[in-house]
Amino acid sequence: QCRLPSQRRLRSPPTTDAMPPADPSAAVPGRQASGFEDLMDLAKMALPDLSPSKDPEGKVAEVVRAYREYLRGVSAERREAPLLAAARHALLEGRAAGRPSLGAYACRAVVGTMVPKMMELCHPDWSVYRGVVARYHDNGLFANVLQVFDLLLLSRPDATVFVDWRRQGSEGHFQYGPPEFDLWAHLFEGSDRCQSVGSRPGGELPSPVIEMSSRINCVFMNMLRGFVWTLPAHDLAALRSAYAAATARGLRPAPRLSARTDEICDRWAASGGAAAGAAVGVHKRLGTPEVAACQLSQRAPSCSEFIARARSILEQVPETRRKFVFLATDDAHAVTAFTEAFPASGSIELICRSGVKRTEGGVREDGVDNEVHRSPCEVGDAEDALVDALCLARCHDLVCIDSNLSIFAALTNPALRLHPLNGILPEGWEQAAAFPDEVVYREYKVAYSPMVFVRSAPSAASELLGARRAGELVATTGRGLDGWVEILGGGWMLVDAERQLIGRGKGALLEPVGPPWPSPSAPSGATDATADAAAAAAAAPAALAATPG
């Protein structure tokens, strides 16, 4: 995982007439002694063995020294500094989370991906290029948009970012439009700073160029996205401001898409002044094991949680202002739930665009998660996603989970107030666990070999306490929540691995060997919120592995 883009980069390349000089914006006189070198210590578990027996020629040690020297020299004024501050936060929080696999993933993302790519783009002695090519990677639309965000921020200010979003046809996620269709040129206007590869005459690019095919910022990656919302306030503000400034120049949606966005957003902005409407944007992702697995909280919150948060925000708005909820979702069930919660006769106006492709979530018969971008999509589906994202960015508040689209909205508008639903368990979960809607047995035998983890709460995002080995018997308290059972002595264990993404194919983890606990009767004060709390923990993936961590 520890590499440089090229070993020759360890020496400063010569400057010739055909190559621009080293980036003046990256060179800061009197480099600080500290910088971000501490990232190498925080991420040391991802570093290879530097002992003479493993690295006899010292080549790997030379790479590590180059990393340290580069990070030591990055001052707070450098363009890459906000991303490195975010990486530091992810490494510290990953280490403190009590989830060894999360901490290890953060280390690999920083040392194996982020730092070497950042050096290629920003190193004061290496950054000699005229353009950067952003090749699409087989992921969702906004994962690819965030890749362009990274390049607009990190590449030389005088370089051009060339985007190649012409898919080949065999992709599993990036399926917008027919093969070879230039999706970037369809969605965005070209500029001197950012343009489609397909817009170049004959496809010729200036030389030299650097090619990048994935995101760079570690908090744009998988579960680490949840650390965006938990950044210290000053670091989050710096990150959002940096991306907003970098993308304002080079990222311009096509005029027809901007016009669609204006038509929607004018409904809460047209009156202006104090009488302008208050708009809460909600980005509700559908419920699939894959969506839950990519959350730092390891769960997909229920519709009721989103609705409750939007209501609580609008309750603080004076009655003299019109109130709006703008719903952007790929979840067909969410449209129904929000329409019932915010009827046309109510004081809050719901805006949800019709004709947008949505699914019911879950898993298809072929075992693939039932997500929009996991099936062939039209160009119009990409347009819809972009218009929804632009509308969310124009709201006053955003209720969201960990998603690339939500991060896009947050970075596009630094003034947007953020309300992430990122708790590892829903409100009211303890009451729901006391009255489980599934049978809980008094005793189980550990069926999965070699062991099953014990966690501090009924969530794979909770602290890892230990494990019980195959064949052991575990007694329970009678409490249960969405497939998890509480065991005597403290801790929770998952019963069936098939209920989450990472456990598919592993089958039952625990086998009941004792009689069931009597079914408890819900107290008279229980409401639908109790049931919602139990449902909200759905799809929480257990971190199953051969050994803990």
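**Strand E5 and its partner.** I began with strand E5, residues 209-212, and found that Ile210 and Met212 make up its covered face, whereas Val209 and Glu211 lie on the uncovered one. I noted for all that follows that this is a predicted model. Looking for a neighbour, I saw that strand E1, residues 131-135, pairs with E5 in the parallel sense over 4 bridges, and that Ala134 has Met212 as its bridge partner in E5.

**The loops around E5.** I then turned to the loop between strand E4 (194-196) and E5, where Pro208 is placed, and found the peptide bond from Ser207 to Pro208 to be cis, with omega near 0°. On the other side I looked at the loop between E5 and helix H7 (233-250), which holds Asn222; this residue is not a glycine, yet has a positive phi of about 45°, and with a relative accessible area of 34% Asn222 is partly exposed.

**Other backbone exceptions.** I reminded myself that most residues other than glycine have a negative phi, and that most peptide bonds are trans. A further cis peptide bond joins Ser449 and Pro450, with omega about 10°, and I located Pro450 in the loop between strand E12 (443-446) and strand E13 (451-455). Gln298, in the loop between helix H9 (289-293) and H10, has a positive phi near 60°; Gln298 is buried, at a relative accessible area of 7%.

**Cysteines.** How many disulfides does the structure hold? I counted 0 disulfides. Cys265 is accordingly in no disulfide, and the nearest cysteine sulfur, that of Cys391, is 3.9 Å away, which is not within the 2.5 Å that a disulfide needs. Cys265 is buried, with a relative accessible area of 1%, and Cys218 is buried as well, at 0%. Cys303 is placed in helix H10, residues 303-314, and counts as buried because its relative accessible area of 15% is under the 20% limit. Leaving aside residues up to four places away in sequence, I listed Lys284, Asp331, His333, Ala334, Ala337 and Phe338 as the residues that Cys303 touches. I also took the C-alpha separation of Cys303 and Val335, which is 9.4 Å for two residues 32 apart along the chain.

**Helix H5.** I checked the length of helix H5, residues 141-154: at 1.5 Å a residue its 14 residues should span 20 Å, and the end C-alpha atoms are 20 Å apart, which agrees. Since 14 of the 14 residues of H5 are buried, I recorded the helix as largely enclosed by the rest of the structure.

**Aromatic rings.** I found 14 aromatic pairs in the structure. One of them is formed by Trp184 and Phe188, which are stacked at 4.2 Å centre to centre with 25° between the planes. Trp184 counts as buried at 1% relative accessibility, and Phe188 counts as buried at 4%. Following the ring pairs outward, I arrived at a cluster that links Tyr136, Trp165, Phe174, Tyr176, Trp184 and Phe188. Elsewhere I looked at Trp517, where the charged end of Arg442 sits over the ring, 4.0 Å from its centre.

**The chain as a whole.** I closed with the totals: the chain has 15 helices and 18 strands, and 55% of its 549 residues count as buried. Among the contacts in the chain with a separation of 6 or more, 76% come from residues 24 or more positions apart.

Terms used: Residues are numbered from 1 along each chain as its sequence is written. This is a predicted model: local features need pLDDT of at least 70, side-chain atom pairs count only at pLDDT 80 or more; totals for chains, interfaces and linings use all residues. Side-chain values use heavy atoms; hydrogens and water are left out. Buried means under 20% relative accessible area, exposed over 50%, partly exposed in between (1.4 Å probe, protein chains only). Helices (H or I, at least four residues) and strands (E, at least two) are DSSP runs, numbered from the N terminus. Two strands pair if DSSP finds at least two bridges between them. The expected span of a helix is 1.5 Å times one less than its number of residues. Rings of Phe, Tyr and Trp (its six-membered ring) pair if their centres lie within 6.5 Å; planes under 30 degrees apart count as stacked, over 60 as edge-to-face and the rest as tilted. A charge sits over a ring if NZ of Lys or CZ of Arg is within 6 Å of the ring centre and within 35 degrees of the ring normal. Contact means heavy atoms within 4.5 Å.
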